[in-house]
Amino acid sequence: AVAAGGNPFTNATENYNGSAWTSSGNLPSNLEAGTCFGTQTAGLIASGNIPPETNASAEYNGSAWTAGNNMSRATGNNGAGFGIQTAGIYATGNLSGVGTPLVEQYNGTSWTEIADVNRARAGAGASQAGSVTSAVIFGGGPGSGVDAQTETWNGSSWTEVADLNTARQEGGSFGDSITSAVFAGGASPAPKVAIVESWDGTSWTEVGDLATSRAYLAAGGASSSSGIVFGGTTGSPSNATEEWNVPSSVSNVTVGTS
């Protein structure tokens with residue numbers, strides 16, 4: 001996994017090798033609440049706060065970041081992302097304090113607006129290792145309150161499916177497809193919770209709680225059975241890392257927030 005940016009605003013980047021974090025190349029600029037997808041050696045980060053909200057993106061090669069082309073618009077921060085560096089999707093996000101339904105697809109060079117989600121929101125989770133034709137997003141907040149809604153993506157349209165058991169936003173998420181995802185922690189509407197839920201393509205099931213309740217955390221993982229969550233806030237910024245089912249390999253890139 002990769003942690004990049006955070007609160008207070010920083011350009012710091014760290015790589016996780018399964019047991020420890022080490023510093024890596026800095027982001028092109030200080031950033032908070034960016035959205036990412038890809039792998040530890042081929043990742044992408046988009047949007048976030050510099051401040052203000054930005055439409056910038058940058059690609060990561062495992063050791064250094066390179067500025068990429070801008071998104072079509074600054075759709076804000078705390079979006080949901082999935083896919084790979086050359087074929088990924090940025091969905092929703094916070095714009096001037098309100099969640100948006102906007103979705104953009106990245107082809108490795110440029111961004112294109114595609115079909116909106118049904119529910120405008122920010123702070124949603126996603127199956128990060130999903131593809132541009134098979135993924136799921138969930139939770140978030142429309143601007144006030146929290147949301148339990150789940151939507152699946154089939155490459156052309158979004159479909160509302162079964163809700164989360166506990167509505168929340170700003171949790172850590174990972175997974176690999178339209179039928180496989182995990183959502184951990186978040187705000188619900190308490191400032192922080194330890195709840196973890198697993199998605200099987202049909203319904204959500206509550207599973208083992210986090211050791212520490214927290215929100216605004218980041219996560220990474222190649223499947224719903226192998227992942228980590230890290231950072232976030234427990235009331236104060238946290239640098240804690242927790243592993244899910246003790247993964248032998250966690251390769252997804254993700255952005256850290258605190």
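**Reading the contacts against their cut-offs**

Colleague: Why is E113 called partly exposed?

Modeller: E113 has a relative accessible area of 37%. Buried means under 20%, exposed means over 50%, and partly exposed is in between (1.4 Å probe, protein chains only), so E113 falls in the middle class. Before we go on, this is a predicted model, in which local features need pLDDT of at least 70, side-chain atom pairs count only at pLDDT 80 or more, and totals for chains, interfaces and linings use all residues. Residues are numbered from 1 along each chain as its sequence is written, and side-chain values use heavy atoms, with hydrogens and water left out.

Colleague: Thanks! What makes R73 and E113 a salt bridge?

Modeller: The term asks for a side-chain nitrogen of Lys or Arg within 4 Å of a carboxyl oxygen of Asp or Glu. Between R73 and E113 the N to O distance is 2.9 Å, so the pair qualifies. R73 sits in the loop between β7 (65-67) and β8 (80-84), while E113 belongs to strand β13 (residues 111-114), so the bridge ties together parts 40 residues apart in sequence. Strands here are DSSP runs of E, at least two residues, numbered from the N terminus. R73, at 36% relative accessibility, is partly exposed.

Colleague: How many salt bridges are there in the whole structure?

Modeller: The search finds five. One of them joins D147 and R119, whose closest N and O atoms are 2.6 Å apart. D147 lies in the loop between β15 (135-138) and β16 (150-153), and R119 in the loop between β13 and β14 (125-126), so this pair links parts 28 residues apart in sequence.

Colleague: Are D147 and R119 buried or exposed?

Modeller: D147 has 7% relative accessibility and counts as buried, whereas R119, at 33%, is partly exposed.

Colleague: How do you know that E151 and R121 form a salt bridge?

Modeller: Their closest N and O atoms are 2.8 Å apart, so they meet the cut-off. E151 is in strand β16 and R121 in the loop between β13 and β14, so the bridge spans parts 30 residues apart in sequence. E151 is buried, at 0%, and R121 is buried too, at 0%.

Colleague: And the rings: why is the pair of Y60 and W65 called tilted?

Modeller: Rings of Phe, Tyr and Trp (its six-membered ring) pair if their centres lie within 6.5 Å; planes under 30 degrees apart are stacked, over 60 edge-to-face, and the rest tilted. The count comes to 10 aromatic pairs. For Y60 and W65 the centres are 4.6 Å apart and the planes at 35°, so the pair is tilted. Both Y60 and W65 are buried.

Colleague: Which residues form an aromatic cluster?

Modeller: F138, F183, W199 and W204 form one.

How values were computed: Helix = DSSP H or I, 4+ residues; strand = E, 2+ residues; numbered from the N terminus.
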